[in-house]
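This report describes selected features of one protein model for a reader who has not met it before. Please consult the sequence and the structure shown here while reading.

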Amino acid sequence: MKHHISLILAASLLFLSCSNHKKAEHTDRVPEIYPDFAGSTLPANIAAPTFEINEDGSDFFTEIGKEGEEPVMTFSSKEIRPDLKKWHKLLAEAAGKNIYIRISVRNNEGKWERMKDIICPVSSEPIDEYLVYRLLYPGYELWNEMGIYQRNLTDYQQEVVLENLSIDKQCVNCHSFSKNAPETMMIHVRGKQGGTLIRKDGTTEKVDPKCPGLENGATYPSWHSSGRFIAYSANNIQQFFHSKGTKTIEVSDLSADMTIYDVDNGKAFTSPAISGDEWMETFPNWTPDGKTLYFCRSKAYKQGDPLDSVRYDLCKVSFDPDSLTIGEPEIVLNASEQGKSVSFPRVSPDGRWLLFTLSDYGNFSIWHPESDLYLLDLQTGDIRLVDELNSDDVDSYHSWSSNGKWLVFSSKRMDGLWARPFIASFNPETGIFTKPFVVPQKDPHYYDDFMKTYNIPELVRRPILNTDEFVSAVKKS
């Protein structure tokens with residue numbers, strides 16, 4: 001009985017303590033939260049970003065609601081984990097408007113302070129519901145523990161697409177989709193049962209898309225909008241280790257060409273325009289109309305060349321899908337003349353914008369802290385550094401949503417070690433992004449304890465189904 005009375009008294013005191021927040025003094029300072037998404041534009045279908053209040057105090061009171069209206073959720077703890085059902089109801093009602101997060105803190109002197117509201121616009125444009133990525137340790141010692149996973153962005157559920165533990169620890173990489181559709185996709189498998197898994201028209205099969213006459217097999221892919229072709233680079237990639245300096249690991253091409261694989265006919269072809277001994281071509285990416293292929297090109301590597309002398313320009317060729325004719329290459333951005341190197345060109349779904357990564361040299365920018373994202377307006381030719389996305393650390397691989405209104409990209413800004421997926425809203429009319437936020441997790445400290453890096457984040461409109469077919473396809477001869 002005494003214990004029951006004690007609990008009632010404790011609850012009453014907590015209620016009285018928190019109710020005093022209404023008498024709090026107002027401050028003009030926006031509170032610090034972790035992970036930080038203050039001011040970020042949120043998709044109306046995104047899972048709730050859980051967070052911790054990074055302010056000193058003995059008590060906390062948080063209210064969340066639609067701007068101009070009463071709060072629909074309240075919390076009296078330092079960690080905030082909104083109920084998903086209530087969160088989605090709030091975002092649905094606030095689509096096209098703003099939500100607020102109102103935080104009051106009782107300081108160490110016992111006084112309540114109500115901080116300036118955190119305001120987050122809610123976009124009426126949804127983000128593709130699934131994010132597909134590879135998880136692996138960022139070094140090289142534990143390469144045999146990796147997998148490709150899909151995450152439902154409307155909640156916190158992650159599912160296995162293909163883990164290498166189920167296929168005798170062979171390497172799985174370079175998943176790619178046609179127009180953000182999981183029904184037309186591919187995955188590379190490297191090892192004794194290696195091959196490329198291609199899913200199209202309801203079937204999944206293992207093929208070898210290597211182009212006859214070329215030494216190297218298919219590597220980095222890009223699907224043609226028709227779903228008939230996949231452009232590949234064919235790379236000889238080597239890993240190098242430095243005993244000193246900030247870049248302890250370097251990944252570099254020793255040779256590279258480009259090819260096009262005809263999925264319907266099971267044949268690969270190339271052209272002197274995109275292959276040969278003079279140049280190294282890599283990272284292909286089609287325009288939405290399928291008539292132009294962008295890629296990165298560097299002078300061929302010669303034995304003894306310093307790795308930091310290899311720099312890639314942004315180039316393009318025309319393509320006729322009827323005659324299978326490849327045009328002559330054109331330089332779009334001569335980055336090498338500026339002492340820079342281009343990687344990961346990705347054209348937006350409307351065909352107007354091209355986002356790419358720029359680093360000091362090479363093309364494996366995930367190991368380059370100076371890597372930044374740049375945006376090219378294909379209508380005007382203007383190029384700008386995307387200040388609203390970049391950080392002081394690696395900002396690298398990126399992919400567009402199917403509607404072109406959202407971007408996901410890899411960044412090491414949280415700790416400098418592991419790449420995490422960040423989301424940002426994009427205005428196709430102005431070419432401006434909003435403040436990025438890390439993909440929400442159920443635990444606000446999830447990324448602090450998770451020791452794998454997110455590799456090749458790709459947005460897809462629907463979940464990948466029948467994933468057991470990938471394991472069966474690998475094991476076929």
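The lining of the second largest pocket in this predicted model comprises 7 nonpolar and 4 charged residues, with no polar ones. Its volume is about 250 Å³. Tyr34, Pro35 and Asp36 take part in this lining, as do Glu388, Arg413, Met414 and Phe422. The stretch Lys435, Pro436, Phe437 and Val438 also lines the second largest pocket.

A cavity is described next. The count comes to 1 cavity of 30 Å³ or more, and the largest cavity has a volume of about 90 Å³. It is lined by 13 residues, of which Pro35, Thr50, Val438, Pro440 and Gln441 are the closest to its centre. Pro35 and Val438 are also among the residues that line the second largest pocket.

The table sets out the two linings by residue class.

| Space | Volume | Nonpolar | Polar | Charged |
|---|---|---|---|---|
| Second largest pocket | about 250 Å³ | 7 residues | no residues | 4 residues |
| Largest cavity | about 90 Å³ | 9 residues | 2 residues | 2 residues |

The model also contains an open sheet of 4 strands, ordered S13-S12-S11-S36, with antiparallel pairing. Strand S13 (158-163) and strand S36 (453-460) are at the edges and have a single partner strand each, so one side of each lacks a neighbour in the sheet. From one strand to the next, the twist averages 25°.

The partner of S36 is strand S11 (residues 130-136), and these two strands pair in the antiparallel sense over 6 bridges. Within this pairing, Leu131 has Leu459 in S36 as its bridge partner.

Definitions and conventions:
Residues are numbered from 1 along each chain as its sequence is written. This is a predicted model: local features need pLDDT of at least 70, side-chain atom pairs count only at pLDDT 80 or more; totals for chains, interfaces and linings use all residues. Side-chain values use heavy atoms; hydrogens and water are left out. Two strands pair if DSSP finds at least two bridges between them. Axes are lines fitted to C-alpha atoms, for helices over the stretch in contact, and angles run from 0 to 180 degrees between N-to-C directions. On a 1 Å grid over the protein atoms alone, a cavity is a set of points where a 1.4 Å probe fits but cannot get out, and a pocket is an open set with protein on both sides within 12 Å along at least five of seven lines; lining residues have an atom within 4 Å of a point. Grid points are joined across faces, edges and corners, and a volume is the space filled by probe spheres set on the points. Ala, Val, Leu, Ile, Met, Phe, Trp, Tyr, Cys and Pro count as nonpolar, Asp, Glu, Lys and Arg as charged, and the others, Gly among them, as polar.
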